[in-house]
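Visitor: I am new to this structure and should like to be guided through it. May we look at it together?

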Amino acid sequence: MMKASLEDKKSFLTWFIQNNQLKRRESLWILNYLLNHEQLLKNVHFIEEVSLTNRGMGLATIESEQDPFVYYKDGRKFEDPEQAFHDLRLNWQETFYLELYFDNAYQVLSAYGILEQNPNIEEGSDMSFELGEKVESSLNRLAWKERKRQLLLLIDQALSDQNEEKFQSFTDELRKIDEKIKANDL
């Protein structure tokens, strides 16, 4: 995964703040602080498995089952947002990792182009393999969703054209896709 641009990070954070409710209000304050301090945001990397880093935090939305706020520093775990904020402000030139716990996080972060490879996960490791599987699964779901969208348009066109044969063919294919989705095969 490539390095995310500052504009992509800002765009994502704006969307995230507007569309999610965090478990701790201090988490929102931290995200707003990042959004308004570009020099600091340049050194922030959105990753998965922040617990494996030497300096980072995880913030959870109300839908998430994760802890509301966690901060990792030199192998230790803390739950005090003020401590994390203080460290973030004082060491703004250092690399900092951020993991957000919310529904479809992997897909959304990937779509914004800001999800980066955790430097503490070696290529070829089990965790790296799991990430590869997530990418493949996510791409398959996107492809099926796009095909479903196309089929709905084709069904509408077949109805407009009063073409019963095409209508039947497209609805059969759509039904098969829906069955696979319900069976979690996609």
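Visitor: How many helices and how many strands does the chain have?

Guide: This is a predicted model, in which local features need pLDDT of at least 70, side-chain atom pairs count only at pLDDT 80 or more, and totals for chains, interfaces and linings use all residues. Residues are numbered from 1 along each chain as its sequence is written, and side-chain values use heavy atoms, with hydrogens and water left out. Helices (H or I, at least four residues) and strands (E, at least two) are DSSP runs, numbered from the N terminus. Counted in this way, the chain has seven helices and five strands.

Visitor: In what order do the strands stand in the sheet?

Guide: Strands count as paired if DSSP finds at least two bridges between them. The five strands form an open sheet with mixed pairing. β1 and β4 (76-78) each have a single partner strand, so they stand at the edges, with one side of each left without a neighbour in the sheet. The order is β1-β5-β2-β3-β4.

Visitor: Which strands pair with β2, and is each pairing parallel or antiparallel?

Guide: Strand β2 covers residues 55-60. Five bridges join β2 to strand β3 (residues 69-73), and methionine 57 has tyrosine 71 of β3 as its bridge partner. Towards strand β5 (residues 96-101) there are also five bridges, with alanine 60 facing tyrosine 101 as its bridge partner. The partners are β3, antiparallel, and β5, parallel.

Visitor: How many residues of β2 are buried?

Guide: Buried means under 20% relative accessible area, exposed over 50%, and partly exposed in between (1.4 Å probe, protein chains only). In a regular strand the side chains alternate between the two faces of the sheet. On one side of β2, Arg55, Met57 and Leu59 are buried, and on the other Gly56, Gly58 and Ala60 are buried. The count for β2 is therefore six of its six residues.

Visitor: Which residues of helix α1 are buried?

Guide: Helix α1 (residues 6-19) has 14 residues and reaches 20 Å from its first C-alpha to its last, close to the 20 Å expected at 1.5 Å a residue (the expected span is 1.5 Å times one less than the number of residues). Its buried residues cover an arc of only 125° around the axis, taken from the directions from the helix axis to the C-beta atoms, which puts them on the same side of α1. On the other side of α1, Glu7 and Gln18 are exposed. The buried residues are Leu6, Lys9, Phe12, Leu13 and Phe16.

Visitor: What angle does the direction of α1 make with that of β1?

Guide: Helix α1 packs on the sheet, touching β1 and β5, where contact means heavy atoms within 4.5 Å. Axes are lines fitted to C-alpha atoms, for helices over the stretch in contact, and angles run from 0 to 180 degrees between N-to-C directions. The angle between α1 and β1 is about 65°.

Visitor: Which strands does helix α4 lie across?

Guide: Helix α4 comprises residues 81-90. Its direction runs at about 45° to β3. The strands it lies across are β2, β3, β4 and β5.

Visitor: With which residues is leucine 100 in contact, leaving aside its neighbours within four places in sequence?

Guide: A nonpolar core is a set of buried Ala, Val, Leu, Ile, Met, Phe, Trp, Tyr and Cys residues joined through side-chain atoms within 4.5 Å. The largest such core has 31 residues, and Leu100 is one of those that touch the most other members. With those sequence neighbours left aside, leucine 100 is in contact with Phe12, Phe16, Leu31, Phe46, Leu59 and Ala105.

Visitor: Is asparagine 20 buried or exposed?

Guide: Asparagine 20 lies in the loop between α1 and α2. Leaving aside its neighbours within four places in sequence, asparagine 20 is in contact with Trp15, Thr61 and Phe102. At 19% relative accessibility, asparagine 20 counts as buried.

Visitor: What is the relative accessible area of tryptophan 29?

Guide: Tryptophan 29 has its place in helix α2. Its C-alpha atom is separated by 9.7 Å from that of proline 81, although the two are 52 residues apart along the chain. Tryptophan 29 is exposed, and its relative accessible area is 52%.
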